[in-house]
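Visitor: Could you take me closely through the side-chain contacts around the aromatic rings of this chain, and then through its disulfides? I would like one connected account.

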Amino acid sequence: QAHVVESGGGSVQAGGSLRLSCVVSGYTISRTCMAWFRQGPGKEREGVARIYISSGSTYYSDSVRGRFTISQDNAKNTVYLQMNSLKPEDTAVYYCASAGLGGYCPAMYFLEKAFVYWGQGTQVTVSS
């Protein structure tokens with residue numbers, strides 16, 4: 001049984017930084033696609049960053065490119081999202097998602113149905 005657990009959310013002032021962690025259990029993430037999504041108040045869920053673990057290839061949404069960095073630690077079966085220069089509009093519940101063992105990153109960058117395991121989410125609140 002696979003599990004995805006996020007942590008690291010919290011409250012921060014605009015301009016600050018947070019690092020989210022996503023620990024996967026049940027299988028190795030060394031050959032899969034991992035992604036971070038978020039859902040702000042009154043908004044639809046959107047993808048913000050993804051990484052294909054075996055190659056390290058990354059992709060970011062326009063809204064976070066240059067401010068957020070997704071990274072991996074295969075030894076810890078963990079993916080991180082470093083968030084810098086945070087803005088009030090980054091306020092959201094952040095979800096980690098995995099395409100499962102051997103799963104590839106979708107051609108449509110953040111196609112949700114390509115990600116089969118999801119965490120419960122961690123709240124990030126950015127105040128102005």
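Guide: In this predicted model, arginine 19 lies over the face of tyrosine 80, at 4.1 Å from the ring centre. Another arginine is placed over a ring too: arginine 65 lies over the face of tyrosine 59, at 5.4 Å from the ring centre.

Tyrosine 59 leads on to the aromatic residues, since ring pairs link Tyr59 with Phe37, Tyr109, Phe110, Phe115 and Trp118 into a cluster. The count of aromatic pairs comes to seven. One of them joins phenylalanine 37 and phenylalanine 110, whose rings are 5.9 Å apart centre to centre with 75° between the planes, an edge-to-face arrangement. Phenylalanine 37 belongs to strand β4 (residues 33-39), while phenylalanine 110 sits in the loop between β9 (92-98) and β10 (117-118), so this pair ties together parts that are 73 residues apart in sequence. Phenylalanine 37 has a relative accessibility of 1% and therefore counts as buried, and phenylalanine 110, at 18%, counts as buried because the cut-off is under 20%.

Phenylalanine 37 also pairs with phenylalanine 115: the ring centres are 5.5 Å apart and the planes stand at 75°, so this pair is edge-to-face. Because phenylalanine 37 lies in strand β4 and phenylalanine 115 in the loop between β9 and β10, the pair ties together parts that are 78 residues apart in sequence. Phenylalanine 115, with a relative accessibility of 3%, counts as buried.

Strand β4 and that loop come up again among the disulfides, of which a search of the whole structure finds two. Cysteine 33 and cysteine 105 form a disulfide with their sulfur atoms 2.0 Å apart, and with 95° about the S-S bond their link is right-handed. Here cysteine 33 is in strand β4 and cysteine 105 in the loop between β9 and β10, so that distant parts of the chain, 72 residues apart, are linked. Both cysteine 33 and cysteine 105 are buried.

The other bond is formed by cysteine 22 and cysteine 96, whose sulfur atoms are 2.0 Å apart; with -80° about the S-S bond, this link is left-handed. Cysteine 22 lies in strand β3 (residues 18-25) and cysteine 96 in strand β9, so the pair ties together parts that are 74 residues apart in sequence. Cysteine 22 and cysteine 96 are both buried. With bonded cysteines counted along the chain, the disulfides follow the pattern 1-3, 2-4.

Note on methods
Residues numbered from 1 in each chain as written. Predicted model: local features only at pLDDT ≥ 70, side-chain atom pairs only at ≥ 80, totals over all residues. Heavy atoms only, no water. Phe/Tyr/Trp six-rings, centres within 6.5 Å; stacked < 30°, edge-to-face > 60°. Helix = DSSP H or I, 4+ residues; strand = E, 2+ residues; numbered from the N terminus. Buried < 20%, exposed > 50% of the residue type's maximum accessible area, 1.4 Å probe, protein only. Lys NZ or Arg CZ within 6 Å of the ring centre and 35° of its normal. Disulfide = S-S within 2.5 Å.
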